[in-house]
Amino acid sequence: MVLIAVVVLLWVVLGLGTDTFFAAANIQNILATVAPVTIIGVGMTAVIVTAGIDVSVGSALAVVLVVVAKLLRDSGLSLFSAVLTGLVVGGVLGAVNGLLVAYGRVHAIIITFGTLNVFRFVSLQIFDGKEVASIPGTLAFLGGGEDGRTLGIPHAWLLAILL
């Protein structure tokens, strides 16, 4: 309850202190920016509720994202096939963490700190540490642009709320 009060207070202060804070474009931008964190938070909630911890989630996500991007850009796979491959890759990375924790008998935070760095390294190696560019617009419906909104609400935010 206190957290909600703090967020409301911040919104009021920022709204009064800035002309553009409550502008539609700013609200859309905030929702589009918060959506990925919210989606990851849904999965992390299940981990934390079961007394686990995984600090490698961001790096695992980076691996999945660059794999999907590489498949879309370089192999000509369909969006469905690339995303399905990304889900499999994410599952494998999660299974690596799970197996190391379960059978390695080492606390999850130690394992996931290690895999955080390994996954980050892998994600950087896939594109040789360069910025990912020239990806076809197949995922534009989840982006922050006009293709990624319905009635001004970002589709990624709607997905986050659905989850």
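The legends below accompany several close-up views of a predicted model.

**View 1. The whole chain, to get our bearings.**
Welcome to the predicted model, a protein chain with six helices and two strands. Reading from the N terminus, the elements follow the order α-α-α-α-α-β-β-α. Taken along the principal axes, the C-alpha atoms fill a box of roughly 55 × 45 × 30 Å. The chain has 163 residues, and 21% of them count as buried. It exposes about 10600 Å², with carbon and sulfur atoms supplying 74% of that area. If you like contact maps, consider the contacts between residues at least 6 apart in sequence: 59% of these join residues at least 24 apart.

**View 2. Helix α3 beside helix α5.**
Here we look at helix α3, residues 57-75, together with helix α5, residues 108-126. Their axes come within 8 Å and cross at roughly 20°. An angle under 35 degrees counts as roughly parallel, so α3 is described as roughly parallel to α5. The crossing in which α3 passes α5 is left-handed. On the α3 side, the contact is made by Ser59, Ala60, Ala62, Val63, Val66, Val67 and Lys70. On the α5 side, look for Leu116, Phe119, Arg120, Val122, Ser123 and Ile126. Sorted by class, this contact of α3 with α5 holds nine nonpolar, two polar and two charged residues.

**View 3. Helix α3 again, now with helix α4.**
Turning to another partner of α3, we meet helix α4, which spans residues 79-104. The two helices pack at an angle of about 155°, and their axes are 9 Å apart. Angles over 145 degrees count as roughly antiparallel, and α3 and α4 are therefore roughly antiparallel to each other. Their crossing is right-handed. From α3, the residues to pick out are Ala60, Val63, Val64, Val67, Val68, Leu71 and Leu72. They meet Leu79, Ala82, Val83, Thr85, Gly86, Val89, Gly90 and Leu93 in α4. By class, the contact of α3 with α4 has twelve nonpolar residues, three polar ones and no charged ones. Readers coming from the previous view may recognise Ala60, Val63 and Val67, which also belong to the α3 side of the contact with α5.

**View 4. Helix α2 meets helix α6.**
This view pairs helix α2, residues 24-49, with α6. The axes come within 8 Å and cross at roughly 35°. As α2 passes α6, the crossing is left-handed. Leu31, Val34, Ala35, Thr38 and Ile39 are the α2 residues here, and in α6 they meet Ala156, Trp157, Leu159 and Ala160. The residues of this contact of α2 with α6 divide into eight nonpolar, one polar and no charged.

**View 5. His155 and its surroundings.**
His155 has its place in helix α6, which covers residues 155-162. Setting aside neighbours within four places in sequence, His155 is in contact with Phe141, Leu142, Asp147, Gly148, Arg149 and Thr150. For a sense of scale, Val2 is 153 residues away along the chain, and the C-alpha atoms of His155 and Val2 are separated by 29 Å.

**View 6. Val8 in helix α1.**
Val8 sits in helix α1, residues 2-17. Is Val8 buried, exposed or partly exposed? With a relative accessible area of 47%, Val8 is partly exposed, because that class takes in values between the buried limit of 20% and the exposed limit of 50%. Val8 and Phe113 are 105 residues apart in sequence, and C-alpha to C-alpha they are 34 Å apart in space.

**View 7. Two loop residues with positive phi.**
Most residues other than glycine have a negative phi. With that in mind, have a look at Arg105, whose phi is near 55°, a positive value in a residue other than glycine. Arg105 is found in the loop between α4 and α5. Its relative accessible area is 77%, so Arg105 counts as exposed. The companion residue is Leu151, also with a positive phi, near 55°. Leu151 lies in the loop between β1, residues 149-150, and β2, residues 153-154. Leu151 is exposed too, with a relative accessible area of 85%.

Technical notes: Residues numbered from 1 in each chain as written. Predicted model: local features only at pLDDT ≥ 70, side-chain atom pairs only at ≥ 80, totals over all residues. Heavy atoms only, no water. Axes fitted to C-alpha atoms, helices over the stretch in contact; angles between N-to-C directions. Helix = DSSP H or I, 4+ residues; strand = E, 2+ residues; numbered from the N terminus. Parallel < 35°, antiparallel > 145°, perpendicular 65-115°, else oblique. Left-handed = near helix turned anticlockwise from the far one by under 90°. Contact = heavy atoms within 4.5 Å. Nonpolar A, V, L, I, M, F, W, Y, C, P; charged D, E, K, R; others polar. Buried < 20%, exposed > 50% of the residue type's maximum accessible area, 1.4 Å probe, protein only. Areas by Shrake-Rupley, 256 points an atom, 1.4 Å probe, with all protein chains shown as cover.
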